[in-house]
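Ready for a few exercises on a protein model? Have a look at the sequence and the structure first, then work through the tasks one at a time.

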Amino acid sequence: MSDDRNDPEYDWDGYGFATRQVHAGEREDLTSGARVSPIAMTAGYRFDSFDDARSRFSGDADGLIYSRQRNPSGTVAERRIASLEGGTEAIVVSSGQAAITAALFALAQSGDRIVSTASIYSGTRILFGRSFRRMGIGVDYVWGDDSGGDSAGGSSGRSSGDDCEWERMIGPDTKAIFTETIPNPKNDIVDIARVARVAERHGLPLVVDNTIATPYLIRPFEHGAAIVVHSSTKFLSGHGAALSGTIVDGGRFDWAGAGRSYPLITEAPRAGVLSNLDRYGPTAYARAAREGVVNDIGPALSPFNAFLLHQGIETLTVRMKEHLANAAHVAEWLAGHPKVESVDYAGLPGNPRFELAQRLYGGRTGSVFAVTIAGGEAGARRFLNRLRVFSHMTNIGDVRSMALHPATTTHASFTPELRSRLGIAPGLVRLSVGVEDPGDLLADLDRALS
Ligand SMILES: Cc1ncc(COP(=O)(O)O)c(C=O)c1O
């Protein structure tokens, strides 16, 4: 057995997904034999000696230093998520927003730019438009469809795009491409293999927010992504009790050959010290993000919340099966209801991304999607005020079903023009379908619609 308290007790590589979601990264308490990985509720760690302290700080020894950088409870979650996504190393932080910020700050600095798909979580768009802009990092949006070019005028009224739009947006200062696999809230799924090919042509890392799909549905590294981020507050945790975010390094991006500069990764921090790339190879990006951004800025995940996260992941497959079945059922039922104008769920026949949904997801595109109620805002108001099993709240991805009116909440700060371009109609309601009895969900929706 290794002396390193960070080392996993067992190697779970080669085991199936459901086995790894339970076991990968687990760390038994060797003193008591407690089977569940204990909560390491500590801010810091005692050094073995004067020399040990120096070696840990220099990185020559891999021991723990301080929980802002690494904590054993966080490490369980990190190893579990890295294993499920197929990455080399993960970093857990205090929220999804912190994960997106740290992931991109490790790549871009003032004067640099990022190209993103336009349909992304509203909080990410606000983050890009406010804090990123204030830090001097610009974001350019690709509006066109990226599902294969077959959805002109799609359900959100966006034009059919092609690679040319990506090419136009990418410039010499672009440092990354950002997208979501299943965008929140419109379920306008992205052909990430296609976006990854664009990224590859330009030597750019593709950063994918895989929050709604989770690695149960799709593993973006298998489609060419370089980095994956999560709001692990959502489906990975599943309980809705604690926020967390995760960054995963795919370990395959060619940082040295990219032809663009990534100083935190490829440059030696000072004379006589190797760059992260030379020192850590396939985990260089994760090292740079952890040491060079997360540890500096400090969005550490509480050990207690890390515990809740790795506990939650243990049931991911079980929950996802229920989420997916319920969501498909609810979407189909809503699509046939006379008080419903439209349902944005890519698994429904007639949706512009239906074929992509079949190809990527076997037709089941997560359990977060939008429904537009007849009667505009007044219709949405009546509907939301009458729901009971669906909780009226802002969150997605826990076992409870939830509903929200984006136009007056998450998207309220956007101009009417931007909302309209994003397809956020006055009657649109976002649903996150939980794991309750489907009959109760339909009865709740029926009562609210009638
Ligand atoms: C797709 C997506 N990414 C990121 C976030 C931000 O995550 P958090 O709320 O954990 O900061 C959210 C939150 O809803 C989200 O839906």
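Domain bounds here come from an automatic or database domain assignment. You're looking at a predicted model, where local features need pLDDT of at least 70, side-chain atom pairs count only at pLDDT 80 or more, and totals for chains, interfaces and linings use all residues. Residues are numbered from 1 along each chain as its sequence is written, and side-chain values use heavy atoms, with hydrogens and water left out.

**Exercise 1.** Find the domains and describe how they meet.

*Solution.* Start with the split: residues 50-312 make up domain 1, and residues 316-449 make up domain 2. Taken over C-alpha atoms, their centres are 27 Å apart. Next, look at the contact (heavy atoms within 4.5 Å): domain 1 gives 40 residues to it and domain 2 gives 43. Then take the buried area, meaning the accessible area (1.4 Å probe) that two parts lose on being put together, summed over both. For these two domains that's about 3600 Å², with 61% of it on carbon and sulfur atoms.

**Exercise 2.** Work out which charged and polar pairs link the two domains.

*Solution.* Side chains of opposite charge can pair when their charged atoms come close. A salt bridge is counted when a side-chain nitrogen of Lys or Arg is within 4 Å of a carboxyl oxygen of Asp or Glu. Between domain 1 and domain 2 there are two salt bridges. Arginine 359 and aspartate 191 also meet through their side chains in a salt bridge, at 3.3 Å from N to O.

**Exercise 3.** Find a salt bridge that links distant parts of the chain.

*Solution.* By the salt-bridge rule, the count comes to 20. One to pick out joins the side chains of aspartate 163 and arginine 194, 3.4 Å from N to O. Now place the partners, using helices (H or I, at least four residues) and strands (E, at least two) as DSSP runs numbered from the N terminus. Aspartate 163 belongs to helix 6 (residues 163-169) and arginine 194 to helix 7 (residues 192-201), 31 residues apart.

**Exercise 4.** Trace the open five-stranded sheet and find its edges.

*Solution.* Two strands pair if DSSP finds at least two bridges between them. Following the pairs gives the order 8-9-12-11-10, with mixed pairing. Strand 8 (340-344) and strand 10 (391-392) are the edges: each has a single partner strand, so one side of each has no neighbour in the sheet. Strand 8 pairs with strand 9 (residues 368-373) in the antiparallel sense over four bridges. Here serine 342 sits opposite threonine 372 of strand 9.

**Exercise 5.** Spot the backbone features in the loop between strand 4 and helix 7.

*Solution.* Check omega first: asparagine 184 and proline 185 are joined by a cis peptide bond, with omega about 10°. Proline 185 lies in the loop that follows strand 4 (174-180) and leads to helix 7. Now check phi: asparagine 187 has a positive value of about 55°, although it isn't a glycine. Asparagine 187 is also placed in the loop between strand 4 and helix 7.
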